[in-house]
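Student: I'm new to this structure and would like a close look at one part of it. Could you walk me through the sheet and what sits around it?

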Amino acid sequence: MSESHLWHAVDAYFTAHLAPDDEALRAALRDSDAAGLPQVAVTAPQGKLLQLLAQIQGARTILEIGTLGGYSTIWLARALPADGRLVSLEYSPVHAEVATRNIARAGLDKVVEVRVGPALESLPHLADENPAPFDLVFIDADKANNPHYLEWALKLTSAGSLIIIDNVVREGRVTDADSTAPDIRGTRTAIEMIGSHPRLSGTAVQTVGAKGYDGFALARVLA
């Protein structure tokens, strides 16, 4: 069995026993595929991890940067109390439309708000509303802007908040200090910001699975 097939098999085993899907999750993936969205949603075990992190955090408010078809949004929103709030920012109107339907079908439209437009335009508007600090921020959008998203996450959180940045390994290319690729430069800058920022304590973890070789960064806001 190849490494890739083995990773898929292990993910399938973990999913069956630890992160079983349901009709809302299956439909979210099915409709996203039918609409031609990129097949880059988190896996079920990763979605369950996000949900567990939000629950461990006791999150009441969540900010997601990058909605795609709303699959990760559903996992995160299910961790919130009935009066919780999740704001998800999505660049593409097509993606946002699919996500909004998926979220409503999951019965989460009273908790989740999808805002359409470039996140770097939506974030200042969100800040102008002076919302309560977000307990958890999940960054999973264009990687070139990861440093900017991290800066905004710091502005919109407070001590004890959790920030997660997905896809930081870039198939190992994150180690290439000479790379001019925007995704690599953006990811490296965000990682180095976490390491040097006085308000953050963080780490990064490599992962393998159905989505291949990747990983995520996790940071806690200190003050």
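Tutor: Let's start with the sheet itself and then work outwards to the helices and a few single residues.

One thing to keep in mind is that this is a predicted model. The sheet is an open one built from 7 strands, in the order S3-S2-S1-S4-S5-S7-S6, and its pairing is mixed. At the edges are S3 (112-116) and S6, each of which pairs on one side only. Going from one strand to the next, the twist averages 15°. Helix H5 (residues 93-105) packs on this sheet, where it touches S2 (85-90) and S3, and its direction makes about 170° with that of S3.

Now go to the end of the order with S5, S7 and S6. S5 (residues 162-166) and S7 (residues 212-221) run antiparallel, joined by 5 bridges. Along that pairing, Ile-163 has Ala-219 of S7 as its bridge partner, and Ile-165 stands opposite Ala-217 in S7. S7 also pairs with S6 (residues 200-209), again in the antiparallel sense, over 10 bridges. One of the matches there is Leu-200 with Val-221 of S7. If you trace the chain from S6 to S7, you pass through a hairpin of 2 residues.

Next, pick out a single residue in S1 (residues 61-65), namely Glu-64. Is Glu-64 buried or exposed? Its relative accessible area is 0%, so Glu-64 is buried. You can see what surrounds the residue: leaving aside residues up to four places away in sequence, Glu-64 touches Ser-72, Thr-73, Leu-76, Leu-86, Val-87, Ser-88, Leu-89 and Phe-138. Take Val-87 from that list: Glu-64 and Val-87 are 23 residues apart in sequence, yet 6.2 Å apart in space, C-alpha to C-alpha.

S1 turns up again when you look at helix H3 (residues 44-57). The buried residues of H3 are Ala-44, Gly-47, Leu-50, Gln-51, Leu-53 and Ala-54. They are covered by elements including S1, S4 (136-139), S5 and S7, along with helices H1 (3-18) and H4 (71-77). You can check the length of H3 too: at 1.5 Å a residue, its 14 residues should span 20 Å, and the end C-alpha atoms are 20 Å apart, so the two agree. Just after H3 comes Gly-58, with a positive phi of about 65°.

H4, one of the elements covering H3, holds both Tyr-71 and Trp-75, which are 4 residues apart, about one turn of the helix. The structure holds 2 aromatic pairs. In one of them, the ring centres of Tyr-71 and Trp-75 are 6.5 Å apart and the planes are at 80°, so this pair is edge-to-face. Both residues are buried: Tyr-71 has a relative accessible area of 6%, and Trp-75 is at 3%.

To finish, look at two helices that pack against each other, H7 (residues 146-155) and H8 (residues 182-196). They meet at an angle of about 35°, with their axes 7 Å apart. From H7 the contact uses Asn-146, Pro-147, Leu-150 and Glu-151, while H8 brings Gly-186, Thr-187, Thr-189, Ala-190, Met-193 and Ile-194. Sorted by type, the residues of this contact are 5 nonpolar, 4 polar and 1 charged.

Conventions. Residues are numbered from 1 along each chain as its sequence is written. This is a predicted model: local features need pLDDT of at least 70, side-chain atom pairs count only at pLDDT 80 or more; totals for chains, interfaces and linings use all residues. Side-chain values use heavy atoms; hydrogens and water are left out. Two strands pair if DSSP finds at least two bridges between them. Buried means under 20% relative accessible area, exposed over 50%, partly exposed in between (1.4 Å probe, protein chains only). Contact means heavy atoms within 4.5 Å. Axes are lines fitted to C-alpha atoms, for helices over the stretch in contact, and angles run from 0 to 180 degrees between N-to-C directions. Ala, Val, Leu, Ile, Met, Phe, Trp, Tyr, Cys and Pro count as nonpolar, Asp, Glu, Lys and Arg as charged, and the others, Gly among them, as polar. The expected span of a helix is 1.5 Å times one less than its number of residues. Rings of Phe, Tyr and Trp (its six-membered ring) pair if their centres lie within 6.5 Å; planes under 30 degrees apart count as stacked, over 60 as edge-to-face and the rest as tilted.
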